[in-house]
Amino acid sequence: MKNKNRDLNAKRMLSPLCLVFAFIAILVTTGCNNNNNSNEKTTIINIEPETILNGTIPDSPDLVECMEATDENTNEKYYLALHHIKGFEYEKGYRYRLKVIITQGDSRLDIPTENFKLIEILSKIKIQTDE
């Protein structure tokens, strides 16, 4: 009879202890995922081999030489100044496929504040022109 009571008491103590450990495990795993920033996404973009002139500076009549990029997942177009992708050096005449991180800046501003950072050049293909 004493063994049954001892086993029953051990089970009663073990149950709350398991709950505490499970709660701690949940906190630890969710706390480690803070790097998954909601204003940041990783995507693949394609860069055209020729630049275009675009008015990317708000309230300015000046045109800026830009790379034309397209997001493979959303087909969204980006017109990026030549040195806008951190860690990437653009060379005319090549079509690029890049893996990048796009971070959204301050959305209270009236201008797009996306920052691009190169993760990897997936391909760089020389394109023949008719010049």
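The following legends describe an overall view and three close-up views of a predicted model.

**Figure 1. Overall view of the protein chain, which comprises 1 helix and 7 strands.** Read along the sequence, the elements follow the pattern α-β-β-β-β-β-β-β. The chain has 131 residues, of which 20% are buried. Among contacts with a separation of 6 or more, 55% are between residues 24 or more positions apart. The accessible surface amounts to about 10,000 Å², and carbon and sulfur atoms contribute 54% of that area.

**Figure 2. Close-up view of Glu68 in strand 3, which spans residues 64-71.** Glu68 counts as buried because its relative accessibility of 17% falls under the 20% limit. The side chain of Glu68 is joined to that of Lys77 by a polar contact of 3.3 Å. Apart from neighbours within four places in sequence, the residues in contact with Glu68 are Asn46, Ile47, Glu48, Ile52, Lys77, Tyr78 and Tyr79. Lys77 therefore appears both in this list of contacts and as the polar partner of the buried Glu68 side chain.

**Figure 3. Close-up view of Thr43 in strand 1, which spans residues 40-47.** The relative accessible area of Thr43 is 3%, so this residue is classed as buried, the limit being under 20%. A polar contact of 2.9 Å links the side chains of Thr43 and Asp71. When residues up to four places away in sequence are not counted, Thr43 touches Asp71, Asn73, Leu98, Lys99, Val100 and Ile102. Asp71 lies within strand 3, given that this strand covers residues 64-71.

**Figure 4. Close-up view of Glu76 in the loop between strand 3 and strand 4.** Strand 4 covers residues 77-81. Glu76 has a relative accessibility of 35% and is classed as partly exposed, because this value lies between the 20% and 50% limits. The side chains of Glu76 and Tyr78 are joined by a polar contact of 3.3 Å. Beyond neighbours within four places in sequence, Glu76 is in contact with Ala69, Thr70, Asp71 and Glu114. Asp71, listed here as a contact of Glu76, is also the residue whose side chain makes the polar contact with Thr43. Ile45 is 31 residues away from Glu76 along the chain, and the C-alpha atoms of these two residues are separated by 9.3 Å.

Notes. Residues numbered from 1 in each chain as written. Predicted model: local features only at pLDDT ≥ 70, side-chain atom pairs only at ≥ 80, totals over all residues. Heavy atoms only, no water. Helix = DSSP H or I, 4+ residues; strand = E, 2+ residues; numbered from the N terminus. Buried < 20%, exposed > 50% of the residue type's maximum accessible area, 1.4 Å probe, protein only. Contact = heavy atoms within 4.5 Å. Areas by Shrake-Rupley, 256 points an atom, 1.4 Å probe, with all protein chains shown as cover. Polar contact = N/O pair within 3.5 Å; in protein donor to acceptor, adjacent residues only side chain to side chain.
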